[in-house]
Amino acid sequence: MAEEEGPATELRQRKKPKSSENKDSAKEEKIGDTPVPERAPKYVLFHRFAKIFIGCLAAVTSGMMYALYLSAYHERKFWFSNRQELEREITFQGDSGIYYSYYKDMLKAPSFERGVYELTHNNKTVSLKTINAVQQMSLYPELIASALYQATGSNEIIEPVYFYIGIVFGLQGIYVTALFVTSWLMSGTWLAGMLTVAWFIINRVDTTRIEYSIPLRENWALPYFACQVAALTGYLKSNLNAYGERFCYLLMSASTYTFMMMWEYSHYLLFLQAISLFLLNSFSLKLSDKVHEVYKIYIFSLFLGYLLQFENSALLVSPLLSLIVALMFVKYFQLTLKEGTFAAKIMKVINFYLVCALAVTLNIVMKMFVPHKENGHMLKFLEVKFGLNMTKNFTMNWLLCQESLQSPSQEFFLRLTQSSLLPFYILVLIICFLSMMQVIFRRINGESLKETITLEDGRIGERPEIIYHVIHSILLGSLAMIIEGLKYLWTPYVCMLAAFGVCSPELWTTLFKWLRLRTVHPVLLALILSMAMPTIIGLSLWKEFFPRLMTELTELQEFYDPDTVELMTWIKRQAPVAAVFAGSPQLMGAIKLCTGWMVTSLPLYNDDDLLKRNENIYQIYSKRSAEDIYKILTSYKANYLIVEDAICNEVGTMRGCRVKDLLDIANGHVVCEEDDDKLTYSKYGRFCHEVKINYSPYVNYFTRVYWNRSYFVYKINTVISFQS
């Protein structure tokens, strides 16, 4: 008993020393122990600060270098600084030039308020139609860019076009920085961020469309989504302190709302994210409160978006809103049961079913009572895409023929494999997914999760941020396997997830724990591999791809389109200011951008009326009579018709996908001389061919006023002679 009381008595005396002997001994012990507690925290703090400082510096530098690279490549590709304004505007290829035209309109307006009013009550773009261009085309980026340009006095320093593309390139730099930070947060090392950036740039053909069309909405919106994902990753981490959690929450709130304002399809991407969080929460990872805080951010963003987007009904019938309302309803009425019991497991299944059923029901009810035009043509497109329906409709078949809406090509997977991205992504995804399934089965069997996960545990599947990214990546990947255009949403996160896994000691430890290595300690081997693998991959990528990137910057390319330049110049000089032009939607978008003249249609696919207009105007390439074409054009008050030789004599695309073939199918005419009982021969020749010959009755309706190698411009006669 005396031996047992000794330590307790000594401990009490250390707490309250009464004798000088005890004081001296305590003082000596304190002096002896002083260096360890004082030096260790200083060293740890310095090491942590240095690591964070170097990582942040690398992240910011990577973003800036990528933005500068895009600017230099753009200059080399188009000789942008050596061109006139008209030639610069023509370089905005694709359908997105129409967005930049409204940026020009805002700068020409006498005041910002007047410019906004003219865009929201726009009757100078499409004939016989007044549109709210801000709402219909999500022109908030152009409003912000024009306001910044005028407020900062940049008109005395830089040209408007350079300011515009500079903002977009800067956002791409933020995009890369956000991916860097996300991979860094997941792996714990900024080497993962460097590898993410390297893979992103090397595979930029499949990660971004910035090179092809700068003003696209996704180029403005996705950088904000990447910031939101980075903030969400930090927010889901279990070892985050209160200040870090608050910062991540505020950043996530701001980026979610901004993302929703920048892109009309943003709520669909957030819907996939909400599904990922719902599944994460269903795995009983004790994140219910955090996940529901994210749901509140969705609700707040939808509410603000609805108000500031002119009461956009598309947000009310969004599946995101239906899912969040269902989740909160079930959460409110959820019973609190003891974890691991049979009743709790049954309740989990019932709650899952209730959320799914209630979300679908709410969405159907909302669509019944809320007037909306929520992309009904896209639902029809998906029905035809998956073989649930057949159609001869021109618009549906034209969409099906677009390369971006088809399944990914073999070249896509080959490019990802050549850069070593796809093999490492598959390896990382398999390990994380199997570890996640292990966690689920452990929870089903009643095992409790550890409060803190150490490297020696080898349980990467217990980290909530990892599980979220695995689920989200699988969802995005599944969609990308169906529609190639969605690869631009998926591939950047493939780069991030693969880089995280390669650089994560925890992932390698998880793998080696499964393999039960005996010769080498799993943790030691994991630490070695997490440093060696990114170094080897980085050196191989540098050796193979860095010379190619430098060659792209040194090679002088040239964008040469003299026929389009001549056409735009003729319109500016010869056509009346009040003239209305008719032609293909893509060309009409270029005319609106380069000349400002009114057109009959636009390259927009979210409006049923514009889609119908596009189909009707495309009839100039069908086998219809001159009188039919004349009636169609005059119904839209068109004064000039532009026939494109590239569409009229199109031969390059796959059979059955040429515009004229799709029109023949829609009109019930024989295509490519095929023998089909349902198709008939037209008694009229193809209009775009016949009108060039200048014989009656075509000359009675149309008079050719300009032509070059690519375009034929016809004035639509107002006084018609029907004599042959």
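Student: What makes Cys 648 and Cys 688 alike in burial, and what else joins them in this predicted model?

Tutor: Both Cys 648 and Cys 688 are buried, and they form a disulfide. In this predicted model, their sulfur atoms lie 2.0 Å apart, and a disulfide is called where two cysteine sulfur atoms are within 2.5 Å, so the pair of Cys 648 and Cys 688 qualifies. The torsion about their S-S bond is about 85°, so this disulfide is right-handed. Cys 648 sits in helix α31 and Cys 688 in helix α33, 40 residues apart.

Student: How do you know that Cys 401 and Cys 657 form a disulfide?

Tutor: The sulfur atoms of Cys 401 and Cys 657 are 2.0 Å apart, which is set against a cut-off of 2.5 Å, and the pair therefore counts as a disulfide. Because Cys 401 lies in helix α20 and Cys 657 in the loop between α31 and α32, the pair ties together parts that are 256 residues apart in sequence.

Student: Why is Cys 432 called buried, whereas Cys 56 is called partly exposed?

Tutor: Buried means under 20% relative accessible area, and partly exposed runs from there up to 50%. Cys 432 has 1% relative accessibility, so Cys 432 counts as buried, whereas Cys 56, with a relative accessible area of 38%, is therefore partly exposed.

Student: Why is Ser 62 called buried?

Tutor: Ser 62 has a relative accessible area of 11%, which is under the 20% cut-off, so Ser 62 is buried. Ser 62 is found in helix α3, and it touches Val 176, Phe 180, Met 194 and Val 197, not counting residues up to four places away in sequence.

Terms used
Residues numbered from 1 in each chain as written. Predicted model: local features only at pLDDT ≥ 70, side-chain atom pairs only at ≥ 80, totals over all residues. Heavy atoms only, no water. Helix = DSSP H or I, 4+ residues; strand = E, 2+ residues; numbered from the N terminus. Buried < 20%, exposed > 50% of the residue type's maximum accessible area, 1.4 Å probe, protein only. Contact = heavy atoms within 4.5 Å.
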